[in-house]
Amino acid sequence: HAVTVLNLILHYEITRDKSLLAPIERALDYLQDAFHYKDGMTAFLNDRGTLNVGGNGISLLAFVSYTEITGSTKYVHLIRSAANGIIYMQKESGGFIHTLYKSNYQVHKDYITVFYDGEAMYGLLRAYGLLKDKRFLAAAEKAGDYFIENNYETLNSHWIAYGFNEINLHKVQICTKTINAPSKRVIEKCGFTYEGTLRDYFFMNGEYVGRLYFSILRSEYEA
């Protein structure tokens, strides 16, 4: 929802089509109502009973963009509170707890996928750009240092996490050609298990090439 309304806002920025404003504002109001406040200044996106740091980050992109483009101050309090929520979920190391239980603010899942971290950091930077609260910039810089120290640039599990966490799949399967050694290395690095080969599956450039099958189960991904 947050990504969809963000795209509408960016489309409005380019086209200035005033017919987009009403659906944008309805969508933002709906998103605002999904936030849960721990106190008057700390808010979290409530995702079916869990509080999601990535959701806070993506929501900030939408609310900040709308505020900057329109000049409205309607969502400023929520922007500050959602950024405070991200700081609440930041560890001393600079990384983030990914989800908390709404009922007691205890850890639900310490880590789900690397893109939650990126969303949280980007949301903090956008909030800082609007509000100039140095706490938001300091938290984003701390996260950036953590990402560098932990080689986040090598992580590539976004689509796997999407399959398990958003679509609720039991198993993710991927295939590649037997001649594609670089692809095979990446698949294995992502934790997939080799299942088998369909021999002479493709006919390419005058010769037959096999097809390799790999998979990862939810239980293996969550281990």
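**A walk through the sheet and its neighbours**

Okay, let's start with one contact: the side chain of R126 makes a polar contact with the side chain of S65, at 3.0 Å. Keep in mind that what we're looking at is a predicted model. So where does R126 sit? You'll find R126 in helix α5, which covers residues 114-131. And which residues does R126 touch, if we skip those up to four places away in sequence? There's S65 again, along with L61, V64 and E68.

Now, on to the sheet. Quick reminder from class: strands of a sheet pair through backbone hydrogen bonds, and they can do that parallel or antiparallel. Here we have an open sheet of five strands, with antiparallel pairing, and the order reads β1-β2-β3-β4-β5. Which strands stand at the edges? That would be β1 and β5, with β5 being residues 107-109. Each of those two has a single partner strand, so one side of each is left without a neighbour in the sheet. As you go from one strand to the next, the twist averages 45°.

Let's zoom in on the β1 end. Strand β1 is residues 35-39, strand β2 is residues 42-47, and the two pair in the antiparallel sense over four bridges. Together β1 and β2 form a hairpin, with two residues between them. If you want a spot to look for on screen, find H36, which stands opposite F44 in β2.

Moving along, strand β3, residues 50-52, is joined to strand β4, residues 99-101, by three bridges. Those two strands run antiparallel as well. Your landmark here is T50, standing opposite Y101 in β4.

What lies across the sheet? Helix α4, residues 76-88, lies across β1, β2 and β4. Its angle to β2 is about 80°.

Last bit: two backbone angles to look at. R16 has a phi near 55°, a positive value in a residue other than glycine. Where is R16? In the loop between α1 (2-15) and α2 (21-33). Is R16 buried, partly exposed or exposed? Its relative accessibility is 45%, so R16 counts as partly exposed, given that exposed would take over 50%.

The other one is D200, whose phi is near 50°, again positive in a residue other than glycine. D200 isn't in that loop, though: its place is in strand β7, residues 193-204.

Okay, that's my tour, thanks for listening!

Note on methods
Residues are numbered from 1 along each chain as its sequence is written. This is a predicted model: local features need pLDDT of at least 70, side-chain atom pairs count only at pLDDT 80 or more; totals for chains, interfaces and linings use all residues. Side-chain values use heavy atoms; hydrogens and water are left out. Two strands pair if DSSP finds at least two bridges between them. A polar contact is a pair of N or O atoms within 3.5 Å; within protein, one must be able to donate a hydrogen and the other to accept it, and residues adjacent in sequence count only if both atoms are side-chain atoms. Contact means heavy atoms within 4.5 Å. Buried means under 20% relative accessible area, exposed over 50%, partly exposed in between (1.4 Å probe, protein chains only). Axes are lines fitted to C-alpha atoms, for helices over the stretch in contact, and angles run from 0 to 180 degrees between N-to-C directions.
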